[in-house]
Amino acid sequence: MTDRQSRYFVPGPTWVRPEILAEMTRPMMGHRSAEFREVFRRVKGDLKSLFRTTQDAFVSTSSGTGVLEGALLNVVPRRVLVTTCGAFSERWKTIAEQTGVEVDHLDHPWGEAIDPERLATHFAGRRHHYDAVTITHNETSTGVMNDLRALVEVIHAETSDTLILVDAVSSLGSAPILFDEWGIDVCIASTQKGLALPPGLAVFAVSERALAAAKKKPYRGTYFDFLEYKRQGDNDGAPFTPSIPHYFALEKQLDHILREETLDERWERHRKMRDMTLERTAGYAELMSDRTHASVSVSALRPTKRDAQTILSEMRARGFVLGGGYGRWKEESFRIGHMGDISLVALSAMLDVLEEAAQ
Ligand code: PLP
């Protein structure tokens, strides 16, 4: 099996190009050395371009969940509104509850997108002030991509002092996110999805408003204290010893995304991968998400001719790994991850094989 072309179509960790993996074998350097600060500085600049922000962007050598928790610890002293439409948005609710703040939630059924009108109605009738609202941009469990821009607009129209926290774990790099233009306050992504890097890193952008809110909060935790990220980051350093090999891979991959492929082309490729997947699976599988919000990075499908588990094992026997259904949808469905650096050619070759295996 060659690793020059993906045979691995799970919704993260996704396939990583061999040249990116090779970066991780570069000789070690000290994280307070001048040469590492140079790497840090380049990564910092490129991350701002990735998030489309002139505010702050950081790297955490944790997976995304650490920063999802950290964001709440930094900016929510009292009450947060969590919007849910699947397993990962529901998990952010659990995390919020575990931080000990008051949690309100606006729930939507699995497979549906968060409805901007319902969000507006909820805000109009709210009885409390919210320090923040959480939005999961791409619900990886159901293959729904929420209309982040519309949701953010609703929040800005209803309130001027509620911060907007976005889980972009499985959308950053795959779909447009304009941090400054849309007015997001914290946006968090793991690197093992649309950025096509090995797992173990998270990247996040933080607005000046969010940093100001963090300053007013006496307890922000230690490892994810945004003010410490800001203090060290301004001096091209990380608060704690980072995973330096991951930084090497990130530096190279950001260069590729921004200058070789370009973000616009990458978003377009993801749109084409989603369209190809929906078109080519329509004869033997139903899309489980609302079609108008079908994700550009992952499709959750309920097969109509053979059962999902058989299809997954038939595909494994042919050398292809697809994602299983998630949570309560596990038995009846499977997911195709079409994110990161997967090419249209590789996806098409996999879909040829899936057509045989699924009927
Ligand atoms: N949020 C979403 C939307 C996800 O898809 C995932 C992982 O798949 C997570 C959060 C958790 O991310 P991590 O495992 O990187 O902590």
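1. Let's start with Pro 13, which sits in the loop between strand 1 and helix 1 (18-23). In this predicted model, the peptide bond leading into Pro 13 from Gly 12 is cis, with omega near -5°. That bond is a good place to begin a check of the backbone.

2. A second backbone point concerns Arg 52. Its phi is positive, about 55°, although Arg 52 is not a glycine. You will find Arg 52 in the loop that links helix 2 (34-51) with strand 2 (56-60).

3. Now for the overall division. The domain assignment splits the protein into domain 1, made of 5-15 + 263-357, and domain 2, covering 18-259. Domain 1 is thus written as two segments, with domain 2 given as a single range. Taken over C-alpha atoms, the centres of domain 1 and domain 2 are 26 Å apart.

4. Which strands form the open sheet, and in what order? There are 5 strands with mixed pairing, and the order reads 1-13-14-12-11. Strand 1 and strand 11 (285-287) are the edge strands, each pairing on one side only.

5. Two of the pairings in that sheet can be followed residue by residue. Strand 1 (residues 8-9) runs parallel to strand 13 (residues 321-324), with 2 bridges between them, and Phe 9 lies opposite Leu 322 of strand 13. On to the next neighbour: strand 13 and strand 14 (residues 334-337) are antiparallel and are also joined by 2 bridges. Here Gly 323 has Arg 335 of strand 14 as its bridge partner.

6. Turning to the domain interface, how many residues of each domain are in contact? The count is 28 residues of domain 1 against 37 residues of domain 2. About 2500 Å² is buried between domain 1 and domain 2, and carbon and sulfur atoms contribute 59% of that area. On the domain 1 side, the residues losing the most area to domain 2 are Leu 263, Trp 267 and Tyr 326, which together make up 27% of what that side buries.

7. As for polar interactions, 16 residue pairs are in polar contact across the interface of domain 1 and domain 2, with both residues of each pair at pLDDT 80 or more. Salt bridges between domain 1 and domain 2 number 0.

8. Which elements of domain 1 give two or more residues to the side that touches domain 2? They are helix 11 (263-281) and strand 12 (298-303). Helix 11 provides the largest share, 5 residues. By class, this side of domain 1 holds 13 nonpolar, 9 polar and 6 charged residues. When you view the interface, you may like to keep two facts together: 6 charged residues lie on the domain 1 side, while the salt bridge count between the domains is 0.

Notes. Residues numbered from 1 in each chain as written. Predicted model: local features only at pLDDT ≥ 70, side-chain atom pairs only at ≥ 80, totals over all residues. Heavy atoms only, no water. Domains from an automatic or database assignment. Contact = heavy atoms within 4.5 Å. Buried area = accessible area lost by both parts, 1.4 Å probe. Salt bridge = Lys/Arg side-chain N within 4 Å of Asp/Glu carboxyl O. Polar contact = N/O pair within 3.5 Å; in protein donor to acceptor, adjacent residues only side chain to side chain. Helix = DSSP H or I, 4+ residues; strand = E, 2+ residues; numbered from the N terminus. Nonpolar A, V, L, I, M, F, W, Y, C, P; charged D, E, K, R; others polar. Pairing = 2+ DSSP bridges.
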